[in-house]
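Please explain how this protein chain is put together, going from the whole fold to its sheets, its helices and a few individual side chains.

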Amino acid sequence: MIKRTAVAAALLLAVAAGCGDVEDGSSGSPGAGGGTGGGGTLTVFAAASLTEAFTALGKTFEGAHPGVRVRFNFGGSSTLAQQITQGAPADVFASANPATMTTVTDAGDAAGQPRVFTRNRLVIAIPKDDPGKVAALRDLSRPGLKVVLCAVQVPCGSAAKTALDAAGVRVEPASRERDVKAVLTKVGLGEADAGLVYRTDVKAADGRVRGIEFPEAAKAVNDYPIVRVAKAPNAALADDFIDLVLGPEGEAVLTGAGFEAP
């Protein structure tokens with residue numbers, strides 16, 4: 001018990017520091033207590049690929065809940081799941097695949113059954129000038145081509161393995177990154193000739209990279225589940241946010257960002 005409490009305390013400090021760059025609303029300490037009114041902080045742990053869509057939904061949520069601040073912790077789903085099971089304070093968890101969500105549900109840290117709210121698929125991301133002359137998935141196995149992929153334990157890395165295996169393509173990546181945004185950054189900076197990222201990430205890059213569709217991506221489509229965390233400090237706000245994500249407004253924002261309806 002002492003060990004778990006110490007881990008939880010350390011994670012609280014780490015999450016509080018890590019959320020500073022992605023929170024909406026005013027700065028300050030998280031509010032306690034629930035309810036849909038009277039202020040408070042809603043803490044959402046979400047897959048990195050949801051950054052743009054959830055940030056927009058967070059602003060919508062704050063507008064509908066005066067005095068409430070939405071704080072996001074975006075990152076690799078496997079890392080977020082581990083933080084939650086180790087006691088990090090969170091109200092909502094949105095994962096980039098069901099397998100990672102299982103880590104949280106199996107630990108008894110989910111309140112109720114997770115619900116799939118959107119889907120995503122991979123594309124090949126290349127720099128705008130395409131120095132590697134990449135046109136198809138098979139090109140990623142070409143000697144000398146610098147390819148970056150997500151770590152295999154992260155949903156984008158698992159999906160990449162499934163797609164590459166389906167195509168019979170073997171890739172020796174130059175690096176494996178902690179989340180899909182890190183892969184996208186390396187490609188955008190010209191530090192890699194190609195990477196496998198989600199379609200939504202290329203769209204969010206706003207022309208900084210190019211995306212190449214490939215048929216094997218259909219064999220590795222990721223379902224995104226969302227759930228309230230069992231010990232959510234703000235359970236009522238968590239349920240309201242999940243309702244927003246699952247509702248027509250949430251679907252409109254997500255499909256506008258390039259996600260697919262579940």
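The paragraphs below take the chain as a whole and then each sheet in turn.

This is a predicted model, in which local features need pLDDT of at least 70 and side-chain atom pairs count only at pLDDT 80 or more, while totals for chains, interfaces and linings use all residues. Residues are numbered from 1 along each chain as its sequence is written, and side-chain values use heavy atoms, with hydrogens and water left out.

The protein chain has nine helices and ten strands, where helices (H or I, at least four residues) and strands (E, at least two) are DSSP runs numbered from the N terminus. Of its 262 residues, 52% count as buried, a word that stands here for under 20% relative accessible area, with exposed meaning over 50% and partly exposed lying in between (1.4 Å probe, protein chains only). The protein chain exposes about 11400 Å², of which carbon and sulfur atoms supply 52%; accessible areas come from the Shrake-Rupley method with a 1.4 Å probe, and for residues only the protein chains shown count as cover. If contact is taken as heavy atoms within 4.5 Å, then among the contacts in the protein chain with a separation of 6 or more, 79% are between residues 24 or more positions apart.

One open sheet consists of five strands in the order E2-E1-E3-E10-E4, with mixed pairing; two strands are said to pair if DSSP finds at least two bridges between them. E2 and strand E4 (110-120) stand at the edges with a single partner strand each, so one side of each is left without a neighbour in the sheet. Neighbouring strands of this sheet are turned by 20 degrees against each other on average, direction ignored. Within the sheet, strand E1 (residues 40-47) and E2 pair in the parallel sense over eight bridges, and Val44 stands opposite Phe72 in E2. Strand E2 (residues 68-75) also holds Arg69, which counts as buried because its relative accessibility is 6%. The side chain of Arg69 makes a polar contact with the side chain of Thr41 at 3.5 Å, a polar contact being a pair of N or O atoms within 3.5 Å, of which, within protein, one must be able to donate a hydrogen and the other to accept it, and for which residues adjacent in sequence count only if both atoms are side-chain atoms. Helix H8 (residues 235-246) lies across E1, E2, strand E3 (92-94), E4 and strand E10 (222-229), and runs at about 155 degrees to E10; such axes are lines fitted to C-alpha atoms, for helices over the stretch in contact, and the angles run from 0 to 180 degrees between N-to-C directions.

Another open sheet of five strands has the order E7-E6-E8-E5-E9, again with mixed pairing. Here strand E7 (175-177) and strand E9 (209-212) stand at the edges, and because each has a single partner strand, one side of each is left without a neighbour in the sheet. The twist averages 35 degrees from one strand to the next. Strand E6 (residues 147-150) is joined to E7 by three bridges, the two running parallel, with Leu149 opposite Arg176 in E7. E6 and E8 also pair in the parallel sense, over two bridges, and there Val147 stands opposite Ala194 in E8. From E6, Val147 and Leu149 point one way and Val148 and Cys150 the other way, and all are buried.

Cys150 leads from this strand to the one disulfide that the structure holds, a disulfide being a pair of cysteine sulfur atoms within 2.5 Å. It joins Cys150 to Cys156, with S to S at 1.8 Å, and is left-handed because the torsion about the S-S bond is about -105 degrees. Cys150 is buried, with a relative accessible area of 1%, and Cys156 counts as buried at 2% relative accessibility.

Helix H6 lies across strand E5 (122-127), E6, E7, strand E8 (194-198) and E9, running at about 140 degrees to E8. The buried residues of H6 (residues 180-188) are Val180, Lys181, Ala182, Val183, Leu184 and Val187. At the N-terminal end of H6, Asp179 acts as a cap, with a side-chain oxygen 3.0 Å from the backbone nitrogen of Lys181, while Gly190, whose phi is positive, near 80 degrees, follows H6.
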